[in-house]
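Me: Could you take a close look at one part of this model for me, the N-terminal helices and how they pack? After that, feel free to wander to whatever else catches your eye.

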Amino acid sequence: MELRHLRYFVALGEELNFTRAAERLHIAQPPLSQQIRQLEDELGVTLLQRNSRPVRLTEAGELLLARARSLLANFEDAVADTRRVGRGQAGRLAIGFVGSAMFAGLPDLIGSYRDACPDVELVLDEMLAAEIAEALRRRRIDVGFARPALVPEAGLAQRLILEEPYVAALPRAHPLAERDDIALAELSDDAFVLYPARPEPSVTGLIVAACQAAGFTPRLAQEVLHLQTAIGLIAAGVGVSLVPEAAARAQTGRGVAYVRLAAPAVTAPLTIAWRDEDVSPAVQRLLDLVTRLGEIAPGLARRN
């Protein structure tokens, strides 16, 4: 039994006339009759009462007509869904991201992706940059937005999205809070609110390296997991830190002063990473969208 047998039978069952069914199927009547005979032989039942005018369906024929309609509809849906998944218009896309990406245009990107691919199920998971590489390797996620960039390794591809400057985040009562800019070395006596330094890569590693280049090793006041926690502790006077410029713009008015760093600037790349050997259509559409949205400000922008 093949799908054409069911299609032929449905046409005949709905028309109850061999001539009209053949015309509807754009075939001659004798081949149609032959295909219906083959179907009956395959099933071992009579589907039509041919000696009546019009042709009538037997009880078995009535049952098969209802089931065949459903089977064909499900098959057509499966074909359509398969094609949409193949074009990246449906399916599932798991995205891992560092929290600071939310201030660097990721919401704009996600919104645009949902508009372009409303039938793709998006699964979002906030994680540390070092966790993104592991999640990609274990196929827990399909794409990751990492800051700092992942350590290069075989099997993972990575693209620079944004090289963003960091600014000093100081309590409002800090002596340097009213300055237009400061040198990083001027924070050498302050304690820092930092993220975990391990596993690597980490933003803390980037900040510590910048401080050491400025002549000091930052003293830890408190270790935190999230930017919002860091901002709250800085506002409470626990310490100072460095935060992405876009995050600073989004956090004004919370008891924290954000001051530019004088040259040399401290910057942190935001990258998009994926498995290079199995780029699905859904992932490719996201990569294409990242490229097209490069003009969003202060959002995602390719500057490599």
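Reply: Here is a walk through the N-terminal helices, followed by a few other spots along the chain. Keep in mind that this is a predicted model.

Let's start with helix 1, residues 3-15, and its partner helix 3, residues 29-43. Their axes come within 9 Å and cross at roughly 110 degrees. That makes helix 1 roughly perpendicular to helix 3, because angles of 65 to 115 degrees fall in that class. As for handedness, helix 1 goes past helix 3 in a left-handed crossing. On the helix 1 side, the residues that meet helix 3 are Arg 4, His 5, Tyr 8, Phe 9 and Leu 12. Facing them from helix 3 are Leu 32, Gln 35, Ile 36, Gln 38 and Leu 39. Sorted by class, this contact of helix 1 with helix 3 has six nonpolar, three polar and one charged residues.

Staying on helix 3 for a moment, Arg 37 sits in that helix too. With a relative accessibility of 45%, Arg 37 counts as partly exposed. Its C-alpha atom is separated by 9.7 Å from that of His 5, and the two residues are 32 apart along the chain. His 5, you'll recall, is one of the helix 1 residues in the contact with helix 3.

Now for the other neighbour of helix 1. Helix 2 covers residues 18-25, and it packs on helix 1 at an angle of about 130 degrees, with the axes 8 Å apart. Helix 1 and helix 2 are therefore oblique to each other. The crossing in this pair is right-handed, whereas helix 1 passes helix 3 in a left-handed one. Back at helix 1 and helix 2, what builds the contact? From helix 1 come Arg 7, Tyr 8, Ala 11, Leu 12, Glu 14 and Glu 15, and from helix 2 come Phe 18, Arg 20, Ala 21, Arg 24 and Leu 25. By class that gives six nonpolar, no polar and five charged residues for the contact of helix 1 with helix 2. Put the two lists side by side and you'll spot Tyr 8 and Leu 12 in both: they belong to the helix 1 contact with helix 2, and they also meet helix 3.

The loops around these helices deserve a look as well. Between helix 2 and helix 3 there is a loop that holds His 26. The phi of His 26 is near 60 degrees, which is a positive value in a residue other than glycine. His 26 counts as exposed, at 73% relative accessibility. Past helix 3, Gly 44 is found in the loop that leads to strand 1 (48-49). Gly 44 is exposed too, with a relative accessible area of 63%. If you want a sense of the span of the model, the C-alpha atoms of Gly 44 and Asp 189 are separated by 91 Å, with their positions 145 residues apart along the chain.

So much for the N-terminal part; a few things further along are worth a stop.

Another helix pair to look at is helix 5, residues 106-116, with helix 10, residues 281-292. They pack at an angle of about 125 degrees, and their axes are 10 Å apart. Helix 5 and helix 10 are therefore oblique to each other, and their crossing is right-handed. Helix 5 brings Leu 109, Ser 112, Tyr 113 and Ala 116 to the contact, while helix 10 brings Ala 282, Arg 285, Leu 286, Leu 289 and Val 290. In class terms, the contact of helix 5 with helix 10 has seven nonpolar, one polar and one charged residues.

On to the backbone. Arg 139 lies in the loop between helix 6 (129-137) and strand 5, and it has a positive phi of about 65 degrees although it is not a glycine. At 49% relative accessibility, Arg 139 counts as partly exposed. Then there are cis peptide bonds: the bond from Arg 147 to Pro 148 is cis, with omega near 0 degrees. Pro 148 is in the loop between strand 5 (143-146) and strand 6 (156-171). The bond from Ala 263 to Pro 264 is likewise cis, again with omega near 0 degrees, and Pro 264 falls in the loop between strand 11 (256-261) and strand 12 (267-275).

Last, the cysteines. The structure holds zero disulfides. Cys 117 is buried, with a relative accessible area of 2%, and Cys 211 is buried at 0%.

Key: Residues are numbered from 1 along each chain as its sequence is written. This is a predicted model: local features need pLDDT of at least 70, side-chain atom pairs count only at pLDDT 80 or more; totals for chains, interfaces and linings use all residues. Side-chain values use heavy atoms; hydrogens and water are left out. A disulfide is a pair of cysteine sulfur atoms within 2.5 Å. Buried means under 20% relative accessible area, exposed over 50%, partly exposed in between (1.4 Å probe, protein chains only). Axes are lines fitted to C-alpha atoms, for helices over the stretch in contact, and angles run from 0 to 180 degrees between N-to-C directions. Helices (H or I, at least four residues) and strands (E, at least two) are DSSP runs, numbered from the N terminus. Angles under 35 degrees count as roughly parallel, over 145 as roughly antiparallel, 65 to 115 as roughly perpendicular and the rest as oblique. A crossing is left-handed if the near helix is turned anticlockwise from the far one by less than a right angle, and right-handed if clockwise. Contact means heavy atoms within 4.5 Å. Ala, Val, Leu, Ile, Met, Phe, Trp, Tyr, Cys and Pro count as nonpolar, Asp, Glu, Lys and Arg as charged, and the others, Gly among them, as polar.
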